[in-house]
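The following exercises concern the open and enclosed spaces of a protein model. Please consult the sequence and the structure while working through each solution.

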Amino acid sequence: MPQRCCVPGCKASGGHRFPNDPTLRMKWRVAIRRTDVKTKKLWNPGQHDVVCYDHFLATDYRRTLSDVQYETEIETTKEAQESIIINLNESSQKSKNIQCDIPSFGKFSIESFKEDNKIINYYTGFQDFDHYMMFFHCLGPSAFDLEFKCTLLNPIDQLFMTLIKLRQNKEDIELAMLFQVSQSTVSRIIITWINYLYFQLKEINIWPSQEIIKETMPSDFSKKFPKTRVIMDATEIPIERPSNVESQSATWSNYKHKNTLKAMIGCSPRGAITFISDSYGGSASDRQIIEKSNLLDPASQSFEKGDSIMADRGILVQDLFANQGVQVNIPNFLKGKSQLDPAEVLHDRRVASKRIHIERVIGLTKSFKILKHGICKSKLQLGSRIVFICFAISNFRKNIVHRNA
């Protein structure tokens, strides 16, 4: 019975099996653009999976009989037919008669896609080439003088590689193939740039003054909750299970039922991210994260008397901010009552309608697939910095909330 073609959306039967040669096999895997349903990473074909003839060009075949292609119908002896080299599983370079046309675009570079806004947005999250370059220049000239020097890729493409890693959660081996460098070089570039981006973006003061909050606050928000300085919520990032038993315990989240990193995120009523805590193991409570942040430090002057923090019901930190004259605005508890009073219900609905801003911001940032699908053990030590970078970069998006919500 003919095997169905494994290319997404194709229903044809029969075709060519994947080659055994690792390099050529990886090119085929990238070419068909299929994602594993469970791991969300590059799909790995089985022994009998095939790619049908519709996905190959005439130039993808090598001639093995005099001026005759493999797909041409010819009458010949069985011996002559067997002389046509069609076995894709041969590791010898001479027997690779069929290959996907992946090498045609050459080495990956942001310059290659400067006219393709969809590709740039897909790989980096920036809307177009100019938007990407604006972010790169914001990092300053130090990007050209990093400790790790890679002569094969310029800094603009090193950033491109790093963003692909964060945005699409690509494996290092795939990035090595796309950028035509070694896997170890990919690893060193990504580690170098994650550290560099973290320290550069950390220099930006994203906490706005009370005046800026008031000037940019949407009108409806201003009518209902005019004292709101920040909307806060916790978020959890899945991680690969650590090898160390103590780390497994520290990162286990009873809420998510998996190992996670946990961070507290804050945004303005307008929708800009204004606070990103350090990340801790999933067992940490919301209160513990806030206690370890600089929000409670009087020297930071984060709040002024009369400010209000909007948060979820589970963030019980009213007492921590009381001495600063800051109110924590959360939904009401029943407190032994069978149901809430009508005024309390109305208040809770209004809070929920405004808290959606922080939920939307966190959801948008998790378009960085490394946050959604999980941080691997090899990058776990950089986990807190990865979380910070992804949320900080979100502030560079052009579509910060512009409606009177």
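Two exercises on this predicted model follow, each with a worked solution.

**Exercise 1.** Determine which residues and elements line the second largest pocket, and why the pocket lies between two domains.

*Solution.*
Step 1. Begin with size: the volume of the second largest pocket is about 420 Å³.
Step 2. Locate its centre. The lining has 22 residues, and those closest to the centre are K202, I206, F275, I276 and N294.
Step 3. Assign the lining to elements. At least two lining residues come from each of α7 (183-202), β6 (273-276) and α11 (286-292); β6 gives the largest share, with three residues.
Step 4. Classify the lining: ten residues are nonpolar, eight are polar and four are charged.
Step 5. Place the pocket among the domains. Because domain 2 (110-203) and domain 3 (210-395) both contribute residues to the lining, the second largest pocket lies between them.

**Exercise 2.** Establish how many cavities of 30 Å³ or more there are, and describe the lining of the largest cavity.

*Solution.*
Step 1. Apply the cut-off: one cavity of 30 Å³ or more is counted.
Step 2. State the volume: the largest cavity holds about 50 Å³ of space.
Step 3. Identify the lining, which consists of Q210, I213, K214, M217, P226, K227, T228, R229 and D307.
Step 4. Relate these residues to elements. Both α8 (210-216) and β3 (228-238) supply at least two of them, and the largest share, three residues, belongs to α8.
Step 5. Classify the lining of the largest cavity: four residues are charged, three are nonpolar and two are polar.

Terms used:
Residues numbered from 1 in each chain as written. Predicted model: local features only at pLDDT ≥ 70, side-chain atom pairs only at ≥ 80, totals over all residues. Heavy atoms only, no water. 1 Å grid on protein atoms, 1.4 Å probe; cavity = no way out; pocket = protein on both sides within 12 Å on 5 of 7 lines; lining within 4 Å. Points joined across faces, edges and corners; volume = space filled by probe spheres on them. Helix = DSSP H or I, 4+ residues; strand = E, 2+ residues; numbered from the N terminus. Nonpolar A, V, L, I, M, F, W, Y, C, P; charged D, E, K, R; others polar. Domains from an automatic or database assignment.
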